[in-house]
Amino acid sequence: MSSDATPRHEGAQLDFSRDMSYGDYLRLDQVLSAQQPLSPDHNEMLFIVQHQTSELWMKLMLHELRAAVAAVAADQLPPAFKMLARVSKIMEQLVHAWDVLATMTPPEYSAIRPYLGRSSGFQSWQYRCIEFMLGNKSAAMLKPHAHRPERLAEVEAAWRAPSLYDESLRLLQRRGIAVPASHTERDWTQPYVQSDAVEQAWLTVYRAPQQHWDLYQLGEELTDLEDTFRLWRFRHLTTVARIIGNKTGTGGTSGVGYLQRMLDVVLFPEIWKLRTDL
């Protein structure tokens, strides 16, 4: 009996000359041909795949974040909770992805670094959109994308739009909880400024969770999201420190020093401060 007749093949379609296959649906020829190392070094493939897969996860993260922001703005919190929970899980994937890159040793990275030129994750337009959507706004961060007008337009749109936290505060106000106008109608391109009045608004929610259950859950979804985002940043820092030490980054930043400063950025400050003041 031929192997094709064994039970493990029973019922499986084997001829795809007329039908769409798995590889066709996922366009794997295009995806798997996108890894083009520039150096002769074996380890560059790891570096490329690490960053390309991270960009794919970020694509999904942006897809979920955009929908979540729209859902919060439309007072549709149940679907927003699902999307935000998914974003947190995506960030967990990105945290663990650093474990693979951390297997690259300093000599291995030194062998491929000259081939990277001035390219750097600092220039990731998707990452910048994520930062802007989470409220870490900076006009200077538009400049690395000025040479690509279509990408600049996407990054600038995220910079100009209310962030996830901005929309959350506007929702609190619509629900009758006092939030100052300075934080619900403002220039969205400006960095968020912590407010005692905003903390009081969140304290109203957290002191009566049964009365404001969905807003309370929103606060906890934001907490989960920032928690995993901090872990992602921290794991990035430790991986870079392990591989290049205190060398300047390929994109011109101070490398570890820059990443260390980013750890001090708090996206939803009142959500964290209220835990002390409850």
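How many salt bridges does the structure hold? The structure holds 18 of them, a salt bridge being a side-chain nitrogen of Lys or Arg within 4 Å of a carboxyl oxygen of Asp or Glu. The model is predicted, with local features needing pLDDT of at least 70 and side-chain atom pairs counting only at pLDDT 80 or more, while totals for chains, interfaces and linings use all residues. Residues are numbered from 1 along each chain as its sequence is written, and side-chain values use heavy atoms, leaving out hydrogens and water.

Select Glu154 and Arg66, whose closest N and O atoms are 4.0 Å apart in a salt bridge. Glu154 lies in helix α7 and Arg66 in helix α3 (residues 44-73), so the pair ties together parts that are 88 residues apart in sequence; helices are DSSP runs (H or I, at least four residues) numbered from the N terminus. Adding Arg151 to the selection shows a network of salt bridges that links Arg66, Arg151 and Glu154.

Stay with α7 (residues 149-160) and add α6 (residues 125-133): their axes, lines fitted to C-alpha atoms over the stretch in contact, come within 8 Å and cross at roughly 15 degrees. The two helices are therefore roughly parallel to each other, a term for angles under 35 degrees.

Move next to Lys273 and Glu199, which form a salt bridge with the closest N and O atoms 3.1 Å apart. This pair links helix α12 (residues 269-277), where Lys273 sits, to helix α9, where Glu199 sits, 74 residues apart. Glu199 is buried at 2% relative accessible area, whereas Lys273, at 32% relative accessibility, is partly exposed (buried means under 20%, exposed over 50%, partly exposed in between, with a 1.4 Å probe and protein chains only).

Terms used: Axes fitted to C-alpha atoms, helices over the stretch in contact; angles between N-to-C directions. Parallel < 35°, antiparallel > 145°, perpendicular 65-115°, else oblique.
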